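Notebook open, structure loaded. I want to go through buried threonines, the core, the aromatics and the pockets, and jot down what I find.

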Amino acid sequence: MLPFWRLDPPFRFAVYAAFGVLFMSGAAWFVADRIKESSENEIWQESAATLLMIHGGTAMVTLMLLGALVPVHVGRAWRARKNRATGIIMAVCNAVLIATAFGLYYLASEALRPWASDIHLAFGLALPVLMLVHVQVGRKQRKLNTKEAASR
């Protein structure tokens, strides 16, 4: 039986899949967007627009998953005092990504938009590494707790 703060496998898969699509579509959009400015080929413009649409749609699904994640994982793990340091980092990273995405969509200021874009890009590229560290630290703590419980 899973500890009460661990995610059920189908939900865990959905979270990993959503973040995987977000990362890949965002990284591919970044490349396509840079190439379209130096190329006269129309395919890069079309690819960048399609990738941005996939990224935005997946972000909406991910927001729903993050909303579901709070009561079934974040709140329970917080009360159980499990993996708090990397959990806080994950929460802050996701909050920054949400805020900068909002800014990219709604900021009309030409001075602020590049800042929002650079911050969103940096946190978006870092998120997979942070997520991997969060999962690995949690698994390591669980193994240590299992060994301690078995030795009693």
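I looked up T58 to start with. Its relative accessibility comes out at 12%, and the cut-off for buried is under 20%, so T58 counts as buried. This is a predicted model, so I note that here once. T58 sits in helix α2. I then asked what T58 touches once residues up to four places away in sequence are not counted. The list is A18, V21 and L22.

Next threonine: T86, which I found in helix α3. Buried or exposed? The relative accessible area is 14%, and I put T86 down as buried. Leaving aside its neighbours within four places in sequence, I get V133, H134 and V137 as the contacts of T86.

**Core**

I pulled up the largest nonpolar core and got 13 residues. Which of them touch the most other members? I wrote down V15, F19, L69 and L127. Two or more residues of this core come from each of α1, α2, α3 and α4. The largest share is that of α1, with 4 residues.

I followed F19 a bit further. With neighbours within four places in sequence left aside, F19 is in contact with T62, L66, N94, L127 and M131. L127 turns up in that contact list, and L127 is also among the core residues that touch the most other members.

**Aromatics**

I searched the whole structure for aromatic pairs and came back with 2. One of them is F102 with Y106: the centres are 4.7 Å apart, the planes are at 45°, and the pair is tilted. How far apart are F102 and Y106 in helix α3? They are 4 residues apart, which means a separation of about one helical turn.

I checked accessibility for both rings' residues. F102 is exposed at 53% relative accessible area, and Y106 is exposed as well, at 56%. Then I looked at Y105 with Y106: their ring centres lie 4.9 Å apart with the planes at 75°, so I logged this pair as edge-to-face. Y105 is exposed too, like Y106. I grouped F102, Y105 and Y106 as one aromatic cluster.

**Pockets**

Last job, the empty space. Rolling a probe the size of a water molecule over the atoms shows where such space is left.

I took the largest pocket and read off a volume of about 1,400 Å³. Its lining has 41 residues, and I noted L22, H55, A59, A101 and H120 as the ones nearest the centre. L22 I had already met as a contact of T58. Which helices supply at least two residues each of this lining? They are α1 (9–38), α2 (42–79), α3 (84–106) and α4 (113–151). Sorted by class, I have 27 nonpolar, 9 polar and 5 charged residues in the lining of the largest pocket.

I moved on to the second largest pocket, with a volume of about 780 Å³. Here 32 residues form the lining, and L69, H73, V74, N83 and H134 are the closest to the centre. Two of those names I had in my notes: L69 from the core, and H134 from the contacts of T86. For the lining of the second largest pocket, α1, α2, α3 and α4 each supply at least two residues. My class tally for this lining reads 18 nonpolar, 8 polar and 6 charged residues.

Conventions:
Residues are numbered from 1 along each chain as its sequence is written. This is a predicted model: local features need pLDDT of at least 70, side-chain atom pairs count only at pLDDT 80 or more; totals for chains, interfaces and linings use all residues. Side-chain values use heavy atoms; hydrogens and water are left out. On a 1 Å grid over the protein atoms alone, a cavity is a set of points where a 1.4 Å probe fits but cannot get out, and a pocket is an open set with protein on both sides within 12 Å along at least five of seven lines; lining residues have an atom within 4 Å of a point. Grid points are joined across faces, edges and corners, and a volume is the space filled by probe spheres set on the points. Ala, Val, Leu, Ile, Met, Phe, Trp, Tyr, Cys and Pro count as nonpolar, Asp, Glu, Lys and Arg as charged, and the others, Gly among them, as polar. A nonpolar core is a set of buried Ala, Val, Leu, Ile, Met, Phe, Trp, Tyr and Cys residues joined through side-chain atoms within 4.5 Å. Buried means under 20% relative accessible area, exposed over 50%, partly exposed in between (1.4 Å probe, protein chains only). Contact means heavy atoms within 4.5 Å. Rings of Phe, Tyr and Trp (its six-membered ring) pair if their centres lie within 6.5 Å; planes under 30 degrees apart count as stacked, over 60 as edge-to-face and the rest as tilted.
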